[in-house]
Amino acid sequence: MAGAAGLVLAPARRLAAAAQTPTKGADVQRLSDDLFVLRIPGEANVVAHVGADGVVLVDGASAAGSDALMTAVASLPGGRPVETIFNTHWHPEQIGSNERLGKAGKTIVSHENTRLWLTTDVTWPWNGQRFKRLPKIAQPNKTFYTTGELKSGVRYGYIPDAAHTDGDLYVYFPKQNVLAVGDAVCGQGWPVVDYATGGWIGGIVGALQRLQPLTNDDTRVVPARGPVLGLADLKTQYEMYGKIYDRLTTLLNRGRGPSEAVAAKPTQEFDARMGNPDEFVRRAFESLWGYLSPDA
Ligand SMILES: [Zn+2]
């Protein structure tokens with residue numbers, strides 16, 4: 001009887017299993033046996049490492065995407081509870097799982113500047129968008145200034161150029177030769193230059209240069225947006241943003257303003273590949289004020 005019941009039940013179990021994997025809404029890219037990029041529609045990339053000491057996440061989706069992320073993490077091979085999460089910077093697309101993980105007593109790692117931004121309300125001057133501070137339990141509970149290392153050998157460090165914000169960090173997985181870089185490097189379209197919290201076009205160029213010695217030809221570089229990149233992409237982007245930086249600083253030094261910078265088309269030869277640059281150029285130009293203007 002047990003055998004017959006098993007035969008009847010088996011197809012139903014298989015159907016149930018098929019409905020659950022891959023996790024609804026999440027695309028799982030396997031970088032190695034224990035390292036994955038999780039892509040949930042509308043969310044930033046999340047890197048998940050399944051190690052002996054639990055799951056380590058680099059970024060945690062938005063609050064709206066957190067449930068889908070946790071479902072995706074639970075379905076990974078060898079899935080275990082999340083023990084550690086890195087916030088590559090303070091933006092809502094990165095910190096949406098902090099509250100649940102903080103309440104569960106897990107470790108939330110960020111640069112100290114990221115923690116500070118999460119303890120205060122932020123308003124973006126270019127569109128008036130407002131961001132509320134996080135409750136204490138959701139704020140990073142382990143911060144650093146320069147570099148650090150987890151027990152498992154995973155290394156992390158500050159990217160002090162302020163490419164995207166002034167709290168950008170990278171996480172390097174040496175066994176898998178994978179470098180997660182958050183939004184300090186953009187893998188898709190023009191980047192967001194969040195000059196309200198320190199980011200600037202000079203920092204984009206600086207970070208692209210600084211990260212190259214951390215990689216070799218086989219390193220997979222995982223940005224918060226877009227596909228997995230490599231060293232060749234960092235070099236290409238470094239040249240492109242270097243040219244754009246030079247053109248924008250020339251315009252600034254001639255006393256031009258943001259609208260004139262957009263009209264000067266400083267990204268012209270890249271636009272076919274990269275898309276409409278106007279918002280990026282305006283923001284990148286404005287980001288120079290805080291760093292290069294004499295009265296800054
Ligand atoms: Zn961001």
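Contact here means heavy atoms within 4.5 Å. The exercises below concern a predicted model, and every value in the solutions is computed from that predicted model.

**Exercise 1. Determine how helix 6 and helix 7 pack, and which residues form their interface.**

Step 1. Two packed helices are described by the angle between their axes and the distance between the axes. For helix 6 and helix 7, the axes come within 9 Å and cross at roughly 155 degrees.

Step 2. Angles over 145 degrees count as roughly antiparallel, and that makes helix 6 roughly antiparallel to helix 7. The handedness follows as a separate property: helix 6 passes helix 7 in a left-handed crossing.

Step 3. On the side of helix 6, the residues that meet helix 7 are I201, G202, I204, V205, L208, Q209 and L211; their counterparts in helix 7 are L234, Q237, Y238, Y241, G242 and Y245.

**Exercise 2. Carry out the same analysis for helix 7 and helix 10.**

Step 1. Helix 7 spans residues 231–253 and helix 10 spans residues 278–292. Their axes lie 10 Å apart, and the packing angle is about 65 degrees.

Step 2. Since angles of 65 to 115 degrees count as roughly perpendicular, helix 7 and helix 10 are roughly perpendicular to each other. The crossing in which helix 7 passes helix 10 is right-handed.

Step 3. Helix 7 contributes Y241, I244, Y245, L248, T249, L251 and L252 to this interface, where they meet F280, V281, A284, F285, L288, W289 and L292 of helix 10.

**Exercise 3. Establish where I201 and W200 lie, whether each is buried or exposed, and which residues each touches.**

Step 1. I201 is found in helix 6, while W200 has its place in the loop between strand 13 and helix 6.

Step 2. The cut-off for a buried residue is a relative accessible area under 20%. I201, with 0%, is therefore buried, and W200, with 12%, is buried as well.

Step 3. Leaving aside residues up to four places away in sequence, I201 touches V193, Y241, Y245, F280, A284, S287 and L288. With the same exclusion, W200 touches D161, A162, A163, V193, Y245, S287, L288, Y291 and L292.

Step 4. Separation along the chain can then be set beside separation in space. W200 and H164 are 36 residues apart in sequence, and their C-alpha atoms are 6.7 Å apart; I201 and T219 are 18 residues apart along the chain, and their C-alpha atoms are separated by 25 Å.

**Exercise 4. Describe the coordination of the zinc ion: its donors, its geometry and the parts of the chain that it joins.**

Step 1. The zinc ion is coordinated by H89 through NE2, H91 through ND1, H164 through NE2 and D183 through OD, at 2.1 to 2.5 Å. Along the chain, these donors follow the spacing H-x1-H-x72-H-x18-D.

Step 2. The pair H91 and D183 links distant parts of the chain, the two residues being 92 residues apart. H91 belongs to the loop between strand 5 (82–86) and helix 3 (92–95), and D183 to the loop between strand 13 (178–182) and helix 6 (201–211).

Step 3. A tetrahedral assignment would require all angles to lie between 85 and 135 degrees. The four donor atoms subtend angles of 88 to 175 degrees, which makes the arrangement irregular.

Step 4. As for accessibility, H91 counts as buried at 4%, and D183 counts as buried at 6%.

**Exercise 5. Locate A61 and A162, and give the backbone feature and the accessibility of each.**

Step 1. A61 has a positive phi of about 65 degrees although it is not a glycine, and A162, likewise not a glycine, has a positive phi of about 60 degrees.

Step 2. A61 lies in the loop between strand 4 (54–58) and helix 2 (66–74), whereas A162 lies in the loop between strand 11 (155–158) and strand 12 (169–173).

Step 3. At 1% relative accessibility A61 counts as buried, and at 4% A162 counts as buried. A162 is also one of the residues that W200 touches, which returns the reader to the residue treated in Exercise 3.

Notes
Residues numbered from 1 in each chain as written. Predicted model: local features only at pLDDT ≥ 70, side-chain atom pairs only at ≥ 80, totals over all residues. Heavy atoms only, no water. Donors = N, O, S within 2.8 Å, 3.2 Å for Na, K, Ca; no water. Tetrahedral: all angles 85-135°; square planar, octahedral: opposite > 155°, others 65-115°. Helix = DSSP H or I, 4+ residues; strand = E, 2+ residues; numbered from the N terminus. Buried < 20%, exposed > 50% of the residue type's maximum accessible area, 1.4 Å probe, protein only. Axes fitted to C-alpha atoms, helices over the stretch in contact; angles between N-to-C directions. Parallel < 35°, antiparallel > 145°, perpendicular 65-115°, else oblique. Left-handed = near helix turned anticlockwise from the far one by under 90°.
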